[in-house]
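Visitor: I would like to go through this model with you, beginning with its internal spaces and then turning to its charged pairs. Shall we bring it up?

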Amino acid sequence: MTLFEYINTHHRPSLRYIDAKTGHSYNWEEMSSVQLPVENTTKQLCFLYLDNSVACISIFFSLLRTPHCVCLLSGDLKEELKENLESTYSPGIIIDAKRDAVTGYLKRVAYTPDNVLLPVYINDKVQHQIHPALRILLPTSGTTGSPKLVKLTDENFISNATSILGYLPITEEDTAPLNLPVYYSYGLSVLLSNSIGGGKILCTNESVLSRNFWEQFKQSGCNSFAGVPYTYEMLRRIGFEKMEGLHLKYFTQAGGKMDVKLRKVFADYAVEHNCQFFVMYGQTEATARMSYLGPQYAYSKIEAIGKPIPGGKFMLDEQTGELVYEGRNVFKGYAYNANDLQGIENILALRTGDLARVDEEGFYYITGRLNRFIKLYGNRVGLDEVEQQLRKKFDGTIGCTGVNDQFLLIFSDNAALDANEVRNYVSGIFGLHISALRFKLVEPIPLNA
């Protein structure tokens, strides 16, 4: 069964997609029936540069009806990065609302349910051999334009969405906002899981830091929320805990390890507001999710990533301590150019690159990255471990890096920190000589979407 067929068969009659700008809503048939000016006889590679608008989401769903392989990319990529990707992969179809023309491509248009005309660029001369099972390509880094893409199949997405619906309380009475970009695996999983098991989905491009987003959130009756650690850091700064008129049923966090102090803040929020807080762990290579921590363990297992999702399995490499995952949602290899689309790999186990431990009750904890180590005076120092201890002790954004294995550089955007106090703290905990430690105050660290 294809992903389109699965959604088409399993979606609830109440499913609607709400345009945040107009308030108009569209059903599944309207969102998946855009007439695309492309041939459906030969499998083509389609580059879809998109945002979270009704127009773009409807194009994506309509492409799922076709045999084509769709690569989801940020519409905000710089033009030179787009051109570099296109020269590497030579897609037969390009859909990009941000450009008036693409050299070598014939321009056509597609009418979306919200009466938007999206340009569709076609090059009939481009023909690739694409594996029949290959359905979606996702970038490993959404905004850098890296040519490294993750190869995913219908089975990957159906498996992961089914697992997510097995533990998240998604029902047809829910309204979920698309506040994460859908070219990002976490945002895509929110879209697909709620399309299968949910009721309404708010399509919006507003930032969660804007007043407009929260007005749309309330007006649409949203009752869930998804965010990465930085999202929650920013929400705390804008006083999210004091917002009135929110009626959350549950909210989720993934996309990296959240600071324990911040996790407790939002665990407290969930208790005070009678809602549920789920912490999850995943990678694009696992079609989004590999584990979750149920709300009942928010305090007792506050540093854990939880247990594997239904149908998944964790193991620890006995020699390195690396976390290894098995499941039907494991990707089918990487693509670096068009030739890599001809085949798929049968990858049974995903080596996550994360170091982990498991407790006696079967809960897993990430302890660092396999490649984030430096040697100082012969001692092996884990940068992730140092950062975790610093974030427990001090406020602000704090990071560490090694410099030529000569010293450990600690940097932060918190001007109130005392360099000697920070260095003495690290020296005392890790037994490193004070001369091997440096501290630098930096400007607020720029982060992408």
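**Cavities and salt bridges**

Guide: Helix α6 supplies the largest share of the lining of the largest cavity, namely five residues. Please bear in mind that this is a predicted model.

Visitor: How much space lies in the largest cavity?

Guide: The largest cavity holds about 140 Å³ of space. The residues lining this cavity number 18, and those closest to its centre are Leu168, Val190, Asn194, Tyr250 and Thr252.

Visitor: Which elements give two or more residues to that lining?

Guide: They are β10 (175-177), α6 (185-197), β12 (224-227) and β13 (250-253).

Visitor: And how does the lining of the largest cavity divide by class?

Guide: It has 11 nonpolar residues, six polar and one charged.

Visitor: How many cavities of 30 Å³ or more does a search of the whole structure find?

Guide: The search finds three. The second largest cavity encloses about 70 Å³.

Visitor: Which residues line the second largest cavity?

Guide: Its lining consists of Leu138, Phe157, Asn160, Ala161, Ile164, Ser185, Leu188, Ser189, Leu192, Ser193, Thr287 and Ala288. Two or more of the lining residues come from each of α5 (154-167) and α6. The largest share, five residues, again belongs to α6.

Visitor: What about the classes there, for the second largest cavity?

Guide: Seven of its lining residues are nonpolar and five are polar, with no charged residues.

Visitor: Let us change topic. How many salt bridges does the structure hold?

Guide: There are 20 salt bridges in the structure. One of them joins the side chains of Arg65 and Glu29, at 3.9 Å from N to O.

Visitor: Where do Arg65 and Glu29 lie?

Guide: Arg65 is in the loop between α3 (54-64) and β4 (69-74), whereas Glu29 belongs to helix α2 (residues 28-31), so the salt bridge ties together parts that are 36 residues apart in sequence. Arg65 has 42% relative accessibility and counts as partly exposed. Glu29, at 45%, also counts as partly exposed.

Visitor: Which residue pairs with Lys98 in a salt bridge?

Guide: Its partner is Asp76, and the side chains meet at 2.6 Å, N to O. This pair links distant parts of the chain, with Lys98 in the loop between β5 (93-96) and β6 (106-111) and Asp76 in the loop between β4 and α4 (79-89), 22 residues apart.

Visitor: Are Lys98 and Asp76 buried or exposed?

Guide: Both Lys98 and Asp76 are exposed.

Visitor: How far apart are the closest N and O atoms in the salt bridge of Arg372 with Glu387?

Guide: They are 3.2 Å apart. Arg372 sits in the loop between β21 (364-369) and β22 (373-376), and Glu387 in helix α10 (residues 383-393), so this salt bridge ties together parts that are 15 residues apart in sequence.

Visitor: Is Glu387 buried or exposed?

Guide: Glu387 is buried, because its relative accessible area of 7% falls under the 20% cut-off. Arg372, at 23% relative accessibility, counts as partly exposed.

Visitor: Which residues are linked in a network of salt bridges?

Guide: One such network links Lys82, Glu86, Asp96 and Arg99.

Visitor: And in general, when can side chains of opposite charge pair?

Guide: They can pair when their charged atoms come close.

Note on methods
Residues numbered from 1 in each chain as written. Predicted model: local features only at pLDDT ≥ 70, side-chain atom pairs only at ≥ 80, totals over all residues. Heavy atoms only, no water. Salt bridge = Lys/Arg side-chain N within 4 Å of Asp/Glu carboxyl O. Helix = DSSP H or I, 4+ residues; strand = E, 2+ residues; numbered from the N terminus. Buried < 20%, exposed > 50% of the residue type's maximum accessible area, 1.4 Å probe, protein only. 1 Å grid on protein atoms, 1.4 Å probe; cavity = no way out; pocket = protein on both sides within 12 Å on 5 of 7 lines; lining within 4 Å. Points joined across faces, edges and corners; volume = space filled by probe spheres on them. Nonpolar A, V, L, I, M, F, W, Y, C, P; charged D, E, K, R; others polar.
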